[in-house]
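Here is a short, friendly briefing to read alongside the sequence and the 3D view. Take a look at the fold before going on to the notes.

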Amino acid sequence: MKKNFFTNSMNLAKEICKIKLSRGDIVVDATAGNGNDTVFLAELVGEDGKVYSFDVQKSALEKTKEKLKEKNMKHFVQLILDGHENLDKYVKEDIQLIMFNLGYLPNGARNITTKGETTVIAVKKALQILKENGIVILVIYHGHEEGKEEKILLKEFTSSLNQKQYNVINLSFTNQINNPPELICIEKRL
């Protein structure tokens, strides 16, 4: 029996990562959080690849560092205590994928959230260093005030991207309650 595929935005984002990534790729986790996405991306690109992982909260990077240490992955993951809007200060290579898991840190302070203005800046910068056929994945948690604003700004920005340069999808679970996260993917065309 086959399992359901359209379960939630994060699971879909991970399936896209599995399709788009290969060993040796360079990727960015724009929101380290508890480290789950960083570890997932590191498993996909392997030690021949590289993962840049950003967060503004030191506690998030410490949790991520512990998970990487447990899996012996520290040597090809760079943890960066800074906002993703500054990714161009650290990432000098072309990247295959950048993942944004937006909102606030689960089990953390809910008043510390990603912000629409800085996320749009980060996405613009990501598109500049994205390889052809590369992808930006945005998982948008919009069940709080800052998240609602962030979703509006990201939809405005992504809907204005040139269709000859980018494929953009916006997926939402229209029959689910409690503001389920939405998924926006931007693929750089060949």
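In this predicted model, helix H2 is largely enclosed by the rest of the structure, because seven of its ten residues are buried. The notes below start with that helix, move on to the largest pocket and finish with a residue of helix H4.

**Helix H2 and its surroundings**
- Along H2, the buried residues are Asp37, Thr38, Val39, Phe40, Leu41, Ala42 and Val45.
- These buried residues pack against two other helices, H1 and H3 (58-70), and against strands E1 (26-29), E2, E3 (77-81) and E4 (95-101).
- Just past the end of H2 you will find Gly46, which has a positive phi of about 70 degrees.

**The largest pocket**
- The largest pocket holds about 710 Å³ of space.
- Its lining is made up of 35 residues, and those closest to the centre are Asn101, Leu102, Gly103, Tyr104 and Leu105.
- Helix H1 (9-20), helix H2 (36-45) and strand E2 (50-55) are the elements that each contribute two or more residues to this lining.
- Sorted by class, the lining has 17 polar, eleven nonpolar and seven charged residues.
- H2 therefore belongs to two parts of this picture: H2 is largely enclosed, with seven of its ten residues buried, and H2 also gives two or more residues to the pocket lining.

**Gln128 in helix H4**
- Gln128 sits in helix H4, which covers residues 116-129.
- With a relative accessible area of 64%, Gln128 counts as exposed, since the cut-off for exposed is over 50%.
- Between the C-alpha atoms of Gln128 and Ile95 there are 9.6 Å, while the two residues lie 33 residues apart along the chain.

Notes. Residues are numbered from 1 along each chain as its sequence is written. This is a predicted model: local features need pLDDT of at least 70, side-chain atom pairs count only at pLDDT 80 or more; totals for chains, interfaces and linings use all residues. Side-chain values use heavy atoms; hydrogens and water are left out. On a 1 Å grid over the protein atoms alone, a cavity is a set of points where a 1.4 Å probe fits but cannot get out, and a pocket is an open set with protein on both sides within 12 Å along at least five of seven lines; lining residues have an atom within 4 Å of a point. Grid points are joined across faces, edges and corners, and a volume is the space filled by probe spheres set on the points. Helices (H or I, at least four residues) and strands (E, at least two) are DSSP runs, numbered from the N terminus. Ala, Val, Leu, Ile, Met, Phe, Trp, Tyr, Cys and Pro count as nonpolar, Asp, Glu, Lys and Arg as charged, and the others, Gly among them, as polar. Buried means under 20% relative accessible area, exposed over 50%, partly exposed in between (1.4 Å probe, protein chains only). Contact means heavy atoms within 4.5 Å.
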